[in-house]
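Open the structure in your viewer and have the selection tool ready. The tour goes one selection at a time.

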Protein chains: 4
Amino acid sequence: MTTDSPGRIHVPALDDILGKPFPVLDSGFVRVIDYMGSDESIVQAARVSYGKGTKKGRQDRTLIRYLIRHHHTTPFEMCELKLHVRVPMDCWRQWIRHRTANVNEYSTRYSIAIDAAQTTPPREWRFQAQTNRQGSSGFLDEEKGLRLSEREREVQELARNVYNERLEAGVAREQARKDLPLCTYTEAYWKIDLSNLLHFLSLRMEEHAQMEIRLYAETIGNEIVSRWCPLAWEAFRDYRVDAVTLSKDEQSLLRTLLREGPAAAVRKAESLEWLTSGDGKSVFHFERSEFEEKLAIMGIEVPWQKGPP
Amino acid sequence: MTTDSPGRIHVPALDDILGKPFPVLDSGFVRVIDYMGSDESIVQAARVSYGKGTKKGRQDRTLIRYLIRHHHTTPFEMCELKLHVRVPMDCWRQWIRHRTANVNEYSTRYSIAIDAAQTTPPREWRFQAQTNRQGSSGFLDEEKGLRLSEREREVQELARNVYNERLEAGVAREQARKDLPLCTYTEAYWKIDLSNLLHFLSLRMEEHAQMEIRLYAETIGNEIVSRWCPLAWEAFRDYRVDAVTLSKDEQSLLRTLLREGPAAAVRKAESLEWLTSGDGKSVFHFERSEFEEKLAIMGIEVPWQKGPP
Amino acid sequence: MTTDSPGRIHVPALDDILGKPFPVLDSGFVRVIDYMGSDESIVQAARVSYGKGTKKGRQDRTLIRYLIRHHHTTPFEMCELKLHVRVPMDCWRQWIRHRTANVNEYSTRYSIAIDAAQTTPPREWRFQAQTNRQGSSGFLDEEKGLRLSEREREVQELARNVYNERLEAGVAREQARKDLPLCTYTEAYWKIDLSNLLHFLSLRMEEHAQMEIRLYAETIGNEIVSRWCPLAWEAFRDYRVDAVTLSKDEQSLLRTLLREGPAAAVRKAESLEWLTSGDGKSVFHFERSEFEEKLAIMGIEVPWQKGPP
Amino acid sequence: MTTDSPGRIHVPALDDILGKPFPVLDSGFVRVIDYMGSDESIVQAARVSYGKGTKKGRQDRTLIRYLIRHHHTTPFEMCELKLHVRVPMDCWRQWIRHRTANVNEYSTRYSIAIDAAQTTPPREWRFQAQTNRQGSSGFLDEEKGLRLSEREREVQELARNVYNERLEAGVAREQARKDLPLCTYTEAYWKIDLSNLLHFLSLRMEEHAQMEIRLYAETIGNEIVSRWCPLAWEAFRDYRVDAVTLSKDEQSLLRTLLREGPAAAVRKAESLEWLTSGDGKSVFHFERSEFEEKLAIMGIEVPWQKGPP
C-alpha cells in the first residue's frame, strides 16, 4: 500500500450544491449536508488488493466498471453521503426499511409536528394497476380528481384541528399526534455509504417502486450521485439499471431463436408450457411476460408475435 | 468442542404458548411463531471458548450471569425468536428503528388497510410531561377526555370514509392510504436474536419510552422471554434493568458521603456546581437530579435533603 | 394475516442429518446444529403482503421462484440456520468477512490451539493462474509436489514445537499462538439467515472463490440447503447461479447478431474497440472475454471465432 | 430543522495529523485517511429532535454528555472515520470481529504477502494469567526470553523461506501463504462511525483485551478521537470508561455499608454466600472479587478486609 499523505478528498461538483435543497413532491426536498470520498477513493480501496500505487485516468474508469460488473461492493463502502431530507411519513416508512443507513429524525414527541401534509392535485390521483397488484397506472379524470382533492383537504384539515385541540388541552405531543395523516411531512438526516446507497437506488428507482419514493430516489441519483461519483454512477447505470438478466430457460429460448429461428423458439416456449394454457396458466404467463419485456429492452422481436394466437 | 449430536433444542414452556396471542392496547397483540435455542444454547456457545463439554445445572446460571454482567453478547446471538405482532403504525415507526431484526410487514400497497385504528378511552389522555420534554405524565380529567375521545372518533371515521371513497373511485391502494391516521393498525412478522432483543427491551421497557411501545416490550419480556430463556431473563433483570451506573463524579460524591458524612458530600456537590445556581444552573440540575434518582433506587438518603436550601 | 396457531416448523430431511459432520478438506467439517423455518416459512412471510391464507403445493414453488427472480429477499430472512464448522484459519478469514452472521469461535486465548493444520498432498499444489491474478489453475507435477509437501511438514512441525515450548515455559496462550501457521484449524458456531446464506453461497461457490472455501460452500449448499429448503435452493440455482446478466453493450451485440448476422456483430464489436488493439487493449479484452464466456454458457457461437485474426 | 447551508465540517486539529502514521508494535501503524463530521455534527443531529437552531458553546458539551450518559447513540453515527492500519493478522482477527465497519484489506491472493511478522523482544514474553484464563500477567525472565525470541526467529525464517520456495515453484499465492505465521502483518482501510468506534474502543481498551489490540485501541482513542471529537471523547471517558455499574446485590451491600456500617455489610455479604465457602465457592468469589475491584475504583474500603478470615 502507498504511504503518501493523501489529504481529504474534495469533489468540487458536489461542493457546488452543498446545502442546496432539491425540491421533491409538493413540499419535500433532498439536500447534501456532507460527504466522504469520491470515485478516487473507490479506486484507492480496490487497489489495496494489488499493493501498488494508483494509476490515473482511463484506468480508473475501467477498474470501477469492473468492480460494479462483478459485484465487488466493498470499495464503494469507502464513500459516505449525508443528506437532509423532508419526506411524507408514508414514504419515509418505505425508506426506513433499508436498515443500512444512519438516521436522526425530527421527533414529534419532543416537538410539534411539522404543519404540512402531502397534498394531491386533482389530476394526480392514480388508478390501481390491474396487472401489478401493488402498483398504480394512469390517472383519474379531473372531475373525479377535484372531488377527491377536496375531500383530502377536509380530512387533513380536521386531523390538524384535532391535533391542535389536543395540544391546547395539554395532551402530550407523543399522544396528540396519533391521528395525523400518514402523509404528514417529517425531516431527517440520513447517512449511508455508496454501496448501500446504490442498492437503495436500484430498488427505489425501479418501475415497481411507488411513485413518491421513486421521485426521491431519482433526485438523489440524478442530481447528487451523478455529481459526486460520476464514474460509479455511469457504471451503475450501464451494468445494473440497464442490465438484463436471463434465467436458464430464457438462455435456452434465446439460443433456439438464434440457431433455429422463430418457429423453433415458439415450439420451445410451448414445451416449457409458457404459451399453452393449463392449470398453471397464469403463472407461466408471468415468466413469459417478463421474458417479452427483456426482449423488448434488447430490441429483439418476440417470436410468438407478442402472445400466442 | 464437543462432537456429540445435539438434536434440536425445545423449550416446553414456550411450546405451550406457541401461536397464542397476548393482547396489547385495544386491538394489538404479540405471539410467538417459532424460535431457535434456549438458555442451553447460550451456555453451549460460551463454552466453545473453553473447548470442554457442558457442565450442567447451577454452573449454567452462573455462566449466563457472568456473560450478561460482562457484556459478552455473542452467545446470546445463538438464540432467535420469531413473533407475529399487531401494532399501531405510529408505535411501529419506533419499533422499526431497531435495525437488527428481520421484518415482513402487511402491505397496504397490495391489500386493503386493516380496518382498525387505536382508540383512546376518555380516561387515558395523558398530559405533556413538564420535566421531560418528550414524555407524558398523569391523565386529563374525564370530562375533557370524553370530548377528546369523541373528536378522535370523528377524525378516524372521516379518514376511513375518505379512504373507502378513494378505493371505490378506483384509486390505487398505495395512494388511497395516504390520509389514514398514524395509529392505524399494521401486522408483521418480526424475527430477532436474543442479544438484540434484550437491547431492544432495555430501551423500550425503560420509563422514558412511550407508553404504547412499553406495553409491547413488557409483554415480550415478561410473557415470552421469561418462558423461553429464564436464566438469561433473570440475569438481564438483575444486571441491566435494575443496575445503577455511577459516573466519576457520582463515585466521588458517594465516597465522600461514606467517608466523611453528609455535610462533606453537600460541600462536594457545591464544588461541582450541582447545587448552587449560575448560568449553567438548569443543566447541572439535570445531572444532580439523575444522581438523586440513583440514590433513591439504592435506598440511600440524599445528603442535601432532596434539594438545596 | 392468518391467526391460526402454526406450531414449530420441522423439516424431516434436515432432521435426518442433524449433528452429522460432512467432511471437508483433510480435517474439516460442516454440520447442522439447529434451524428455524423452511420453504413454507418463506411463503408464509411473502403472503403477509396479501393478507390471505396460504395456498399449498405448486403455488408455493411459483411464488418462491418469483421472489428469487425479483430479489425480494426479506421472506428468506425468516429462515435461520446454525452450523458447527471446522475450518483452516486462512479460509475462516475469508468466511468471516461476511458480516451478517452470528459467530462463536473456539478461543485460542482460553484454550490450547487445535493440534491440526491443513496439509497438502503432493498432487494438490496449484499453479498461479495467469489470466486471473488472484486465482490458481492446474497442478504442479508430483515430483515437485513431494518436495513441497515435505517442506510443509517441516514448517508445520517446527511451528507446533515452538508453540509447545512456549506453553511449557509458561507463556500466555494468547501470545504463544502468534507463530502458528495460518492454516491451523479452528472451530465455530456460525448462524445466519437464508437470505444472507444464499448471498454467501453465490459469492463463495463462484469459480473465482478460492478452492478451499468453495468446498465448504458447496457442501453447505448441496448437502444442507438442498435438504432444508429445496424450493428455494432450486430457484436459487436456476435464477442466480445459472443466470447470465448482459450489459447494455452486450445486449446491443446480441441484437446485432440476431438481426444482422455474425459479420455485423464483428463490426459492432470493432466499433466498441473490443477487438482492435489500442492503448486500452488489455482492458477491453477483459469485457470481450467475459462476453465470450456468456455466449459459451448460452451455447451461442462467438461471431469473431474466439478472437480477432 | 434549520435550513441554512452548512458547508462541510472541518476539524483543524485532525487535519493536522491527516496521513501521519502513529506507530504501534514493532512494525504496525494507524493513520487517518479521511473523516466526516465533528462534535458539532453530533449536536446538530441531536437537535433535529428539538426543531431548533443550534445553541453554541457550553450547551454543546452538556448535550453531548447527556447523550453519552443516556446511551442515545444515533447522533454519534453521524460522524465517520476512515483509517489506514497495519496490524499482525492474529490481532486483525480480533479486530475484524466487529461487524459494523467497512473494510478493504490487502489481498495475499493478488499480491505477495507483506514481508514482516511481529517479533517479540526477549523481555516481552508474557506469563499466562492464573486468575483470568484468557489473559496474561507479568513477564518471563530475560534468559528464557532470549531463547524464545531466538526460536521465534527460526520459525519465522523457515516459514518465509518455505513461502518463497513455493512462489518460485509457481505455486498460487492463495495457496503458498497457508503456512505463514499468524502474526504476519496485513494492511487495511477501516471505516467506521463514531458510535460503533466508541463501542469498539470500550471493548478493546479494556484491561481484559489482549495487549496487542489494546495498543491499537489506545492509539486510536488517545491520538485520533481525542483530536477529532474532544467533547465526545471526554464524555466517553467520564461516563463509560471510568463509570462503575452496580448490580442489585451490590447496591444492597453498599446501602448496608452506608446505613449500618462495615460489620452489617459483612453479614449481608455472608447471607449472599459471597464470603463463606460451599460447593459454589469459586463462583461467588468471582462476583465478590468484581465488587472489591469496584470499591477500590471508588476509593471505598472493603468491609471484609480484602477477603474473609
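The stops below go from one chain to the places where chains meet. Keep in mind throughout that this is a predicted model.

**Stop 1: chain A alone**

Select chain A and show it as a cartoon. It has 12 helices and eight strands. Of its 309 residues, 44% are buried. Now consider contacts in chain A between residues at least 6 apart in sequence: 69% of them join residues at least 24 apart.

**Stop 2: chain A against chain B**

Add chain B to the view. Here 44 residues of chain A are in contact with 43 residues of chain B. On the chain A side, the elements that give two or more residues are strand S5 (126-128), helix H5 (142-168) and helix H6 (173-176). Which of these elements gives the largest share? Select H5(A): the largest share, 12 residues, comes from this helix. Colour the chain A side by residue class and you will find 18 nonpolar, 10 polar and 16 charged residues.

**Stop 3: chain C against chain D**

Hide chains A and B, then show chains C and D. In this pair, 43 residues of chain C are in contact with 43 residues of chain D. Strand S5 (126-128), helix H5 (142-168) and helix H6 (173-176) of chain C each give two or more residues to the side that touches chain D. H5(C) gives the most, with 11 residues. By class, this side of chain C divides into 18 nonpolar, 10 polar and 15 charged residues.

**Stop 4: how the two copies are related**

Keep both chains on screen. Chain C is superposed on chain D by a rotation of 180° with 0.0 Å of shift along the axis, and the RMSD is 0.0 Å. The two copies are thus related as by a two-fold rotation axis. As for the interface, 100% of the interface residues of chain C are also interface residues in chain D, so the copies meet through the same surface.

**Stop 5: the helix pair**

Select residues 142-168 in chain D, which form helix H5(D), together with H5(C). Their axes come within 10 Å and cross at roughly 160°. Angles over 145 degrees count as roughly antiparallel, and H5(C) and H5(D) are therefore roughly antiparallel to each other. The crossing is left-handed.

Show the side chains that make this contact. On H5(C) they include Leu148(C), Val155(C), Leu158(C) and Arg166(C), and on H5(D) they include Leu148(D), Val155(D), Leu158(D) and Arg166(D). Counted by class, the contact of H5(C) with H5(D) has 10 nonpolar, no polar and six charged residues.

Notes:
Residues numbered from 1 in each chain as written. Chains lettered and ligands numbered in written order. Predicted model: local features only at pLDDT ≥ 70, side-chain atom pairs only at ≥ 80, totals over all residues. Contact = placed C-beta atoms within 7 Å. Helix = DSSP H or I, 4+ residues; strand = E, 2+ residues; numbered from the N terminus. Nonpolar A, V, L, I, M, F, W, Y, C, P; charged D, E, K, R; others polar. Buried ≥ 20, exposed ≤ 12 C-beta atoms within 10 Å, placed from the backbone. Least-squares fit on C-alpha atoms with pLDDT ≥ 70 in both. Axes fitted to C-alpha atoms, helices over the stretch in contact; angles between N-to-C directions. Parallel < 35°, antiparallel > 145°, perpendicular 65-115°, else oblique. Left-handed = near helix turned anticlockwise from the far one by under 90°.
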